[in-house]
Amino acid sequence: MNSVIGAWKKTLAWVRSRAWIALALLAGCRGPVQVSPQSPALRFSGRVDWRDASGPRIAWGGSSLTVRFTGTSLGIRLLDLPKYEEAAPNRFRFSVDGAPFRDLYIGEGPILYRIAEGLPRGEHVLRLEKETEPAVGETQLLGLELDPGARLLPAPPAPPRRIEFIGDSGLTGFGIEGKNAQCSFNAETQRASLTWGALTAQALGAEASFVAFSGKGVAVNYGNDPTPPLPQLYTRTLPHRDDAPWDFSSWIPDAVVIQLGANDFWKENPGEERFRDAYRALVADIRAHYPQAHIVCVLGSGVSDTHPKDVQARTRVRELLSGLVDTLRQQGDTRVHFAEVPANREDEGLGCLWHPSRKTHQRTAEQMTSLLREWLGW
């Protein structure tokens, strides 16, 4: 009997050893870990449309994604949706573990981009930012891919300070990396991360959300563009979709900074009453959504008294905005402010199509950082 029991134990031990070997082999053959694009561990900044179960969509420049994960590699599956202007592919930039940012251009169709490979084992953080504006198109996240056995971890928390920027091409980074005023729009010269808004938010340690679209005005668009002006797009999660309303309760900013007016006066005076009424309505809409926020009305560097000829656009916009702010403050709203940024300077150069250069954006950021720090007590 003892010999039978002994033989049975040896057989059982052999089976167990083979089972563990099989499990180990299976573990070694496991495929990559697929992460759902709807995972709550992913942290987005900016406006995101979550309605499609296939994955969230973003359109506004400056929107970003932060991911914390384990393992030695990371892939991200993205889909560039049809362009509204066939200017270029959407351009992103990314950084892993604080390394220098690298560019990522999004191709046609759903593509898995190998963002990082050969990382040391342990925890890592990805930062992905959209550099191009809504005119280039929307991008959809379809999922992430990690090493076998790797895990997605909760992303680092967002900064507690929040600033929303509303504007035109001066806040989209249009032509900011262009060589001179003669170059035309393209994704290689547009970079949202170099705008004065992005630099100001970074200096103040604030999370930023951008609602900016080139060519848009308060009441009139550049070139008589028949699409809605910026105040109507302000209510949308995706600017080209009127069926995607933004949930204003989902992200409450400490300050809302507006830079609009250049496109209203691009050719002629649009009518001062028309401009003032549209601007007042925008401020009222912002105040209704954010009762405690500071609202800053900025006269940007791109508004000039020399163009259009004989319109004195900069003088007119200065009078209209400062007068509106004075009236609102007299009525009791002490959290509304007027700020004037000096006009573009020849010694700082110009970006594409006479847009502010990188140096002008840096100068503007220094000024606005100081003003916001004073007004918000930061």
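This is a short talk on the side-chain packing, salt bridges and unusual backbone spots in the structure above.

Hi everyone, thanks for coming. One thing before we start: what we have here is a predicted model, so please keep that in mind throughout.

Let's begin with the aromatics. Searching the whole structure turns up eight aromatic pairs. Take Phe165 and Phe210: their ring centres are 5.1 Å apart and the planes meet at 15°, so this pair counts as stacked. Where do the two residues sit? Phe165 belongs to strand β12, residues 161–167, while Phe210 belongs to strand β13, residues 206–212, so the pair ties together parts that are 45 residues apart in sequence. Phe165 has 0% relative accessibility, so it is buried. Phe210, at 7%, is buried as well.

Now compare that with a pair inside a helix. Phe275 and Tyr279 are tilted, with 5.8 Å from centre to centre and 50° between the planes. Both residues are in helix α4, which spans residues 272–289, and they are four residues apart, about one turn of the helix. Phe275 and Tyr279 are both buried too.

Back to the strands for a moment. Phe165 and Phe210 join Trp196 in one aromatic cluster.

While we are on rings, have a look at two places where a charge lies over a ring face. Arg93 does this with Phe101, at 3.5 Å from the ring centre. Lys216 does it with Phe213, at 4.9 Å from the ring centre.

On to the salt bridges. How many does the structure hold? The count is 28, and I have picked out three pairs and a network.

The pair to start with takes us back to β12 and β13. Glu207 and Arg162 meet through their side chains, at 3.8 Å from N to O. Glu207 is in strand β13 and Arg162 in strand β12, 45 residues apart, so to speak a link between distant parts of the chain. Is each partner buried or exposed? Glu207 is buried, at 6% relative accessibility, whereas Arg162 is partly exposed, at 25%. If you remember the stacked phenylalanines, Phe165 and Phe210 lie in these two strands as well.

Next comes Glu340 with Arg318, where the closest N and O atoms are 2.9 Å apart. This salt bridge also links distant parts of the chain: Glu340 is in strand β16, residues 336–340, and Arg318 is in helix α5, residues 313–330, 22 residues apart. Both ends are partly exposed, Glu340 at 28% and Arg318 at 27%.

Then there is Glu348 with Arg363, whose closest N and O atoms are 2.7 Å apart. Glu348 sits in the loop between β16 and β17, and Arg363 in helix α6, residues 358–376, with their positions 15 residues apart in sequence. Here both ends are buried, Glu348 with a relative accessible area of 9% and Arg363 with 16%.

And the network: salt bridges link Arg91, Arg93, Asp103, Arg127, Glu129, Glu131, Glu177 and Arg191. You will recognise Arg93 as the residue over the face of Phe101.

Now for the nonpolar interior. The largest nonpolar core has 39 residues, and those touching the most other members are Ile166, Leu230, Tyr234, Ile258, Tyr279, Ile286 and Tyr290. Which elements give two or more residues to this core? They are α3, β14, α4, β15 and α5, and α5 gives the most, with seven residues. Tyr279 from our tilted pair is on that list of well-connected members.

Let's zoom in on Ile166. Beyond its neighbours within four places in sequence, Ile166 has contacts that include Leu171, Val211, Leu230, Tyr234, Ile258 and Ile286. Apart from this core lies another one, of 26 residues, with Ile58, Leu78, Ala116 and Leu146 among them.

Last stop, the backbone. His307 and Pro308 are joined by a cis peptide bond, with omega about 0°, and Pro308 is in the loop between β15 and α5.

Two non-glycine residues with positive phi are also worth a look. Asp97 has phi near 60° and is found in the loop between β6 and β7; at 43% relative accessibility, Asp97 is partly exposed. For Leu353, phi is about 55°, and its place is the loop between β17 and β18. Leu353 is partly exposed too, with a relative accessible area of 38%.

That's my tour. Thanks for listening!

How values were computed:
Residues numbered from 1 in each chain as written. Predicted model: local features only at pLDDT ≥ 70, side-chain atom pairs only at ≥ 80, totals over all residues. Heavy atoms only, no water. Phe/Tyr/Trp six-rings, centres within 6.5 Å; stacked < 30°, edge-to-face > 60°. Buried < 20%, exposed > 50% of the residue type's maximum accessible area, 1.4 Å probe, protein only. Lys NZ or Arg CZ within 6 Å of the ring centre and 35° of its normal. Salt bridge = Lys/Arg side-chain N within 4 Å of Asp/Glu carboxyl O. Core = buried A, V, L, I, M, F, W, Y, C linked by side-chain atoms within 4.5 Å. Contact = heavy atoms within 4.5 Å.
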